[in-house]
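Colleague: Pick one part for me, the helix packing, and go through it closely, then carry on from there as far as you like. I'd like the cut-offs spelled out along the way.

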Amino acid sequence: MSDIAENAAWDAVLRRDRAFDGRFVTGVLTTGIYCRPSCAARHPARGNVRFFADGAAARAAGLRPCKRCLPDDVARDEAAVLAAIDEIRSAEGTPSLAALALLTGYSPAHFQRVFKRAIGLSPAAYARALRETRARDALSDSESVTGAIYEAGYGSASRFYENTKGRLGMTASAWANGGAGVTIRWAVVETTLGKMLVAATDKGVCRLSFEEDESALRARFPRADLVEGGAAFEKLLAEVVANVEAPGSGAHIPLDVRGTAFQEACWEALRAIPPGETRTYAEIAAAAGNPKAVRAAGSANARNNVAVLIPCHRVVRKGGDLGGYAYGQDIKRELLRREEK
Ligand SMILES: [Zn+2]
């Protein structure tokens, strides 16, 4: 792991960030145990920690899995929760806990704990929130559910939010006004994909692009106060870089983007595409609630300000042709290659 990746990993451990579970394990040399990043046990001293790609690598180094966080069950837990969410979202009524547990192969009590740890709600409460928000707003159900979950205090990052909304659209009225009155911090960093520009307001990332410099940012936000770097920004920058170098959900990284309701629905649909999968413009248009608006979906894709984190590179032409990309097909191809399972 690079220093930046190690720092991002350690930050994730300190936050007990579930979005990083399954991406690495934390070995503690003094106790001989390895854990998920989100393990609830007391944090070890940084100097005693070594990061491993997975449990197998940690075991090869002589470590044992933690009995508390069961780091080797991450993939199975994740698959179980995603399967249950699919079932709840597509079912006519509310599936019983017993039925969901049966679907996943866990006991009902254990599955209830796994689901709640991942989502912050029990399966029944999740189904209820989904039903209520669907009734309230039939057009943007996924948006409202996530909003409700965050508002209820369950805002900790989780890759499971890929299915819903992440933190898209954190509001910025100044968006329509060239960034007037807004401070935007920015940096250009060298990555394995070339020079990458990252810019953020205090709400979240507002621009991620390749081969652009300050003048391009200035053209986009002519009235904003542009400031290079800054301590809080560096931390966000490290997370963004780590996410670009080793693609993950990125769902925990806050965004500050604004578009029309349909554009924002398209961006949500993009964020819902799991890494390693692709969609067509027609599928994005349908997911955004208007199957006929294929061209508008294409233009929403092109107006995406935040490459990679809103993964417009996961849209390809019908028939599998790679299609275009704002920063060239080479970068698109490489991003998709990194996400292959
Ligand atoms: Zn543990």
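Modeller: Start with helix α1 (residues 3-15) and helix α9 (residues 231-245): their axes lie 9 Å apart, and the two pack at an angle of about 110°. That puts α1 roughly perpendicular to α9 (the label covers 65 to 115 degrees; under 35 is roughly parallel, over 145 roughly antiparallel, and the rest oblique). The axes are lines fitted to C-alpha atoms, over the stretch in contact for helices, with angles from 0 to 180 degrees between N-to-C directions. Helices here are DSSP runs (H or I, at least four residues), strands are E runs of at least two, and both are numbered from the N terminus.

Keep in mind that this is a predicted model, where local features need pLDDT of at least 70 and side-chain atom pairs count only at pLDDT 80 or more, while totals for chains, interfaces and linings use all residues. Residues are numbered from 1 along each chain as its sequence is written, and side-chain values use heavy atoms, with hydrogens and water left out.

Now the residues. On the α1 side you have Ile 4, Ala 8, Asp 11 and Arg 15, and they meet Lys 235, Ala 238, Glu 239, Val 241 and Ala 242 of α9 (contact means heavy atoms within 4.5 Å). Sorted by class, the α1 contact with α9 has five nonpolar, four charged and no polar residues. For the classes, Ala, Val, Leu, Ile, Met, Phe, Trp, Tyr, Cys and Pro count as nonpolar, Asp, Glu, Lys and Arg as charged, and the others, Gly among them, as polar.

Set the second pair beside it. Helix α10 (residues 261-271) and helix α12 (residues 294-302) cross at roughly 75°, and their axes come within 9 Å. So α10 is roughly perpendicular to α12. From α10, Phe 262, Gln 263, Cys 266, Trp 267 and Leu 270 meet Ala 296, Ala 297, Ala 300 and Asn 301 of α12. The class split for α10 with α12 is seven nonpolar, two polar and no charged residues.

Stay with α12 for a moment. Val 294 sits in that helix and is partly exposed at 33% relative accessible area (buried means under 20%, exposed over 50%, partly exposed in between, with a 1.4 Å probe and protein chains only). Leaving out residues up to four places away in sequence, Val 294 touches Tyr 281, Ala 282 and Ala 285. The C-alpha atoms of Val 294 and Ala 282 are 5.1 Å apart, with their positions 12 residues apart along the chain.

Then comes the loop between α12 and α13, where you find Arg 303. Arg 303 is exposed, at 54% relative accessibility. Setting aside neighbours within four places in sequence, Arg 303 is in contact with Gln 263 and Trp 267, two residues that also appear in the α10 contact with α12. Arg 303 and Trp 267 are 36 residues apart in sequence and 9.7 Å apart C-alpha to C-alpha.

Val 308 belongs to that loop too, between α12 and α13 (329-339). Its phi is near 70°, a positive value in a residue other than glycine, and Val 308 is buried at 6% relative accessibility. Gly 328, also in the loop between α12 and α13, is partly exposed at 27%. The C-alpha of Gly 328 is 9.5 Å from that of Phe 210, 118 residues away along the chain.

One more stop, the metal. The zinc ion has Cys 35, Cys 39, Cys 66 and Cys 69 as protein donors, each through SG, at 2.3 to 2.4 Å. Donors are N, O and S atoms within 2.8 Å of the metal (3.2 Å for Na, K and Ca), and water is not among the atoms, so sites may look incomplete. The angles among the four donor atoms run from 104 to 126°, and the site is tetrahedral. In sequence the spacing is C-x3-C-x26-C-x2-C. Cys 35 is in strand β2 (residues 33-35) and Cys 66 in the loop between β4 (64-65) and α3 (74-90), so the pair ties together parts 31 residues apart in sequence. Both are buried, Cys 35 at 11% and Cys 66 at 9%.

Technical notes. Four donors count as tetrahedral if all angles lie between 85 and 135 degrees; four count as square planar and six as octahedral if opposite donors are over 155 degrees apart and all others between 65 and 115; anything else is irregular.
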